[in-house]
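Please look over the structure below with its surface in mind. The text that follows it goes through a few local features.

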Amino acid sequence: MMAAGKAADGLGSIAIDTTQLNMSVTDPTAWATAMNNLGMVPVGLPGQQLVSDSICVPGFDPGLNMMTGITPINPMIPGLGLVPPPPPTEVAVVKEIIHCKSCTLFPQNPNLPPPSTRERPPGCKTVFVGGLPENATEEIIQEVFEQCGDITAIRKSKKNFCHIRFAEEFMVDKAIYLSGYRMRLGSSTDKKDSGRLHVDFAQARDDFYEWECKQRMRAREERHRRKLEEDRLRPPSPPAIMHYSEHEATLLAEKLKDDSKFSEAITVLLSWIERGEVNRRSANQFYSMVQSANSHVRRLMNEKATHEQEMEEAKENFKNALTGILTQFEQIVAVFNASTRQKAWDHFSKAQRKNIDIWRKHSEELRNAQSEQLMGIRREEEMEMSDDENCDSPTKKMRVDESALAAQAYALKEENDSLRWQLDAYRNEVELLKQEKEQLFRTEENLTKDQQLQFLRQTMQGMQQQLLTIQEELNSKKSELEQAKEEQSHTQALLKVLQEQLKGTKDLVETNGHSHEDTNEINVLTVSLVNQDRETNTEKRSQGLKSEKEALLIGIISTFLHVHPFGANIEYLWSYMQQLDSKISANEIEMLLMRLPRMFKQEFTGVGATLEKRWKLCAFEGIKTT
């Protein structure tokens with residue numbers, strides 16, 4: 001009763017007190033439309049609410065079983081009558097301009113999609129309101145959102161948003177309706193006096209705590225209700241057994257003699273004996289009670305004999321009825337067999353023949369089942385008869401032989417017919433299984449073919465990728481061969497030129513008789529030319545900078561080594577460069593330095609165990625020497 005009263009109070013408190021809405025209505029029609037869209041009746045304007053408040057009331061939470069282990073009944077299920085049906089979805093909600101004392105709310109463009117909201121938290125009574133005007137005060141916010149219901153708290157922030165907590169959950173749905181409206185303070189056109197409202201569900205600890213308390217209360221009520229239901233449906237406990245006394249023993253002896261009260265009295269007698277109430281004084285009395293209990297054995301055996309006789313009669317009746325049914329089945333099967341002969345079969349249509357064939361098979365199956373059941377009953381009877389015959393005299397056996405042989409011949413005939421019908425049924429099943437096996441084999445072959453094709457496609461793709469990589473390697477090798485050929489031709493041309501120069505110098509020496517110093521100068525010139533040629537070849541062979549990243553790395557390394565005039569080892573360089581690029585490795589830095597021998601050189605410092613390789617910047621030395 002208390003839970004029902006609370007539910008009634010909760011539903012009754014949904015109705016809004018219209019005396020709280022003391023706002024000026026400049027346009028009654030617009031005000032009525034807006035308030036109806038909000039699900040509230042405006043002041044002084046009678047009308048039917050478009051959305052029923054009771055829809056906003058949450059029902060029994062389906063997640064209740066996670067706390068209590070019980071499967072609750074959801075009152076929001078349609079058909080229980082606890083909640084009215086929701087409004088039709090086809091009706092388009094038209095938002096109107098809402099006028100308040102301090103501000104005006106303009107709806108958004110109806111062609112735009114509705115504002116999005118997050119998932120509603122359980123027991124939500126708090127909303128987030130964003131997009132407020134900068135000059136909006138707490139009083140103006142309360143004036144706008146008081147239309148949705150009683151406000152318990154407003155927490156306003158300096159960043160044009162606030163949190164509003166309502167008294168009931170259904171008021172949050174009415175506040176969400178105002179999302180998308182543009183709020184303008186008075187008639188000002190300043191940006192600080194206008195803003196687009198965004199109202200969304202907020203997750204508050206107080207709301208969740210109240211919701212959990214309600215769920216626990218409902219769980220307690222549900223447990224109490226189920227306990228009452230179990231107590232009501234529990235079978236009554238057996239009556240208490242009285243204590244032993246002489247008076248109770250005489251009453252129990254009278255009850256033991258009565259057939260209707262025997263089962264109740266025998267339990268009391270058993271409990272007294274188990275308790276140890278038998279002694280020398282009460283032994284005679286207990287003996288008389290045991291004797292009266294023994295007198296019921298004859299009665300029980302007589303009852304058993306009567307029940308067995310009734311069972312035999314029922315078996316005989318059942319067997320006679322079964323034989324009658326079997327004969328009728330035989331007649332029906334004979335009719336079907338006669339109709340399948342050529343004289344009558346040719347006059348039926350295809351559909352009629354099909355139906356007759358189906359009916360015939362069905363009736364034969366039923367006939368076979370009935371005959372097997374009847375044969376089983378007869379076998380049991382024959383076994384019982386054989387047991388009886390073993391006990392009888394040999395003269396009686398001779399009399400029964402003829403009837404037993406006749407019955408056995410009839411039973412064998414029926415058994416032969418049933419076996420033949422079973423064989424036909426097994427043949428049909430074997431044919432069906434063969435067909436199913438062929439279909440499965442075909443499907444497996446198709447699957448294996450598809451798998452083979454897919455594997456071949458994958459191998460083809462892998463071979464194509466290998467061919468592409470091989471082609472790229474061939475192209476690179478061709479380019480290297482062309483470069484080598486060009487270098488070889490260039491060196492050959494230089495050698496020819498040097499040979500001609502040497503010949504010319506020798507001729508000049510022989511004719512003019514120059515000194516040994518002139519010859520040395522010529523040799524020095526030739527050596528310098530050869531060295532220049534070698535340097536040009538090494539420069540050609542050394543690859544240029546591949547990317548802008550390498551140029552940037554060279555610039556950073558050169559500045560770092562310029563600051564360290566005594567050089568730095570590769571680990572020190574790598575630790576410094578890793579701060580700028582975490583993916584770079586020491587091997588990449590060393591390869592880059594080795595590719596530029598005219599800018600960086602490597603020196604060994606230290607002796608013995610302190611021997612260390614250091615890189616130095618030598619670009620400025622090359623400029624000074626040149």
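The paragraphs below take up two surface patches and then one backbone feature.

The coordinates are those of a predicted model. Its negative surface patch is made up of Glu310, Glu312, Glu313, Glu380 and Glu384. Two helices, helix 10 (296-339) and helix 12 (350-391), each contribute at least two residues to this patch. Helix 10 provides the largest share, with 3 residues. Glu380 belongs to helix 12. The relative accessibility of Glu380 is 46%, so this residue counts as partly exposed. The cut-off for exposed is over 50% and that for buried is under 20%, with partly exposed in between.

A second patch is nonpolar: Ile273, Val278 and Val290 form a surface patch of about 220 Å². Of these residues, Val278 sits in the loop that lies between helix 8 (262-275) and helix 9 (283-294). Is Val278 buried, partly exposed or exposed? Val278 has a relative accessibility of 41% and therefore counts as partly exposed. Membership in a patch requires over 30% relative accessible area, and the 41% of Val278 satisfies that requirement.

The last feature concerns the backbone. Which residue has a positive phi although it is not a glycine? The residue is Asn160, with a phi of about 65°. Asn160 is located in the loop between strand 4 (151-156) and strand 5 (161-166). With a relative accessible area of 26%, Asn160 is partly exposed.

Notes
Residues are numbered from 1 along each chain as its sequence is written. This is a predicted model: local features need pLDDT of at least 70, side-chain atom pairs count only at pLDDT 80 or more; totals for chains, interfaces and linings use all residues. Side-chain values use heavy atoms; hydrogens and water are left out. Patches are made of residues with over 30% relative accessible area and no salt bridge: like charges are joined within 9 Å, nonpolar side chains (Val, Leu, Ile, Met, Phe, Trp, Tyr) within 5 Å. Accessible areas come from the Shrake-Rupley method with a 1.4 Å probe; for residues, only the protein chains shown count as cover. A salt bridge is a side-chain nitrogen of Lys or Arg within 4 Å of a carboxyl oxygen of Asp or Glu. Lys and Arg count as positive and Asp and Glu as negative; His and the chain ends are not counted. The place of a charge is taken as NZ of Lys, CZ of Arg, CG of Asp or CD of Glu. Helices (H or I, at least four residues) and strands (E, at least two) are DSSP runs, numbered from the N terminus. Buried means under 20% relative accessible area, exposed over 50%, partly exposed in between (1.4 Å probe, protein chains only).
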